[in-house]
Amino acid sequence: MTSAPLAARLTHVSGPLFFPVTAYGPDGSLDLDTFRVHVRRGIEAGAAAVFACCGTGEFHALTPQEFRDCVAAAVEESEGRVPVVAGAGYGTALAVQYARLAEEAGADGLLALPPYLVVPDQAGLLSHYTELAGATSLDVIVYQRDNAILTPATAVALARVEGIIGFKDGLGDLDLMQRIVSAVRSAGLDPLYFNGLPTAELTGLAYRGIGITLYSSAVFCFAPDIALAFHRALESGDDALANRLLDGFFAPLVELRNQGRGYAVSLVKAGVRLTGLDVGEVRPPLTEPDDDHVKQLAALIERGRTLVPAADGPVGGSEAAASGTPSVAGTPGVAGAAGARGAGV
């Protein structure tokens, strides 16, 4: 756990927010050693925070003990250098249990995932997140998406709850987000806001237009050099570079991601395997991406690296190389991407 409050640590960040995948062995069991390597490399590559066991980390597929072990491992690997935020979801009672496990493991905060299955009304959402925020000493970021869509009035009420420090938007309705931001600001409150869409870089310029610059980066898991180059462009106002990366890498990546269900997780995990780190396959009910799609991902990563300025590091994996992660071009087996689906490359 870091000593400074989570909100302060996340207000001005120097790199992307890192959502590591969860590593499994060949038999599908948790592989904490590989998970540790993945987290360590991400921090060394320039991550501003680690969000462990969230959507990309297959929160839905983890047992409570696996969840606690992963969060504890992330905390140990961070060594206080960056904050560690853990996912917490399902119904209120289970979400509270996961929150307490995260607190025991040393996490700095919680990402409150949507409640399981049901579609609550606004009073129910307010009650759920209020109870979760009161269950531990950890700060909470509320994740808006799917069955947990907030009205501006509910966002104001939640922003007043002690322990709730921010909102992550996974819906992508900029009209609603602007109304939420305006309503909360008019109430004299100043929480953090995050762009939480899959491949959030694609909408980074649009969210920046309404004052939201924090975002989750799945690309950082497997191509930190590309993710960092975009982050720097967005922060510095280099829209020419941002647009070049959007047009040449992120937009095609989203098109590829949209080719299969669950690719927001499984394709990311395949990307990590392409770096040479065998994080295993996804657990059911998710399935592995098609071999041809993994080959397309490998080619796209190489293309993206040609768009990264030399100042951001040598093309072919500047930050990845710095963290000990091989570039895709130097990874054996990329030509036959079937290996990326199984034991890794």
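A residue is called buried when its relative accessible area is under 20%, exposed when that area is over 50%, and partly exposed in between, with a 1.4 Å probe and protein chains only. The structure is a predicted model, in which local features need pLDDT of at least 70 and side-chain atom pairs count only at pLDDT 80 or more, while totals for chains, interfaces and linings use all residues. Residues are numbered from 1 along each chain as its sequence is written, and side-chain values use heavy atoms, with hydrogens and water left out.

**Exercise 1.** Determine whether Ser217 is buried or exposed, and describe its surroundings.

Solution. Begin with the location: Ser217 belongs to strand S8 (residues 214-217), where strands (E, at least two residues) and helices (H or I, at least four) are DSSP runs numbered from the N terminus. Ser217 counts as buried because its relative accessibility is 0%. Next, list the contacts (heavy atoms within 4.5 Å): leaving out residues up to four places away in sequence, Ser217 touches Pro16, Leu17, Phe19, Glu201 and Ala227. Finally, the side chains of Ser217 and Glu201 are joined by a polar contact of 2.6 Å. Such a contact is a pair of N or O atoms within 3.5 Å, of which, within protein, one must be able to donate a hydrogen and the other to accept it, and residues adjacent in sequence count only if both atoms are side-chain atoms.

**Exercise 2.** Place Lys269 in its helix and explain why it is classed as buried.

Solution. Lys269 sits in helix H11 (residues 263-274). Its relative accessible area is 0%, and therefore Lys269 is buried. Beyond residues up to four places away in sequence, Lys269 touches Val21, Thr22, Tyr24, Glu58, Val279, Gly280, Glu281 and Val282.

**Exercise 3.** Describe how H11 packs against helix H12 (residues 291-306).

Solution. Two packed helices are described by the angle between their axes and the distance between the axes. The axes of H11 and H12 come within 10 Å and cross at roughly 65°; axes are lines fitted to C-alpha atoms, for helices over the stretch in contact, and angles run from 0 to 180 degrees between N-to-C directions. On the H11 side the contact is made by Tyr263, Leu267, Ala270, Gly271 and Leu274, and on the H12 side by His293, Val294, Leu297, Ala298 and Ile301. Sorted by class, this contact of H11 with H12 holds eight nonpolar, two polar and no charged residues, with Ala, Val, Leu, Ile, Met, Phe, Trp, Tyr, Cys and Pro counted as nonpolar, Asp, Glu, Lys and Arg as charged, and the others, Gly among them, as polar.

**Exercise 4.** Repeat the analysis for helix H3 (residues 64-78) and helix H4 (residues 92-105).

Solution. The axes of H3 and H4 come within 8 Å and cross at roughly 35°. H3 contributes Pro64, Phe67, Arg68, Val71, Ala72 and Val75 to the contact, and H4 contributes Tyr98, Leu101, Ala102, Glu104 and Ala105. The residues of this contact between H3 and H4 comprise nine nonpolar, no polar and two charged.

**Exercise 5.** Which residues does Asp139 contact, leaving aside its neighbours within four places in sequence?

Solution. Asp139 lies in strand S5 (residues 139-144). Its contacts are Leu6, Ala7, Asp108, Gly109, Leu110, Gly163 and Ile165. The C-alpha atoms of Asp139 and Leu6 are separated by 6.8 Å, although the two residues are 133 residues apart along the chain.
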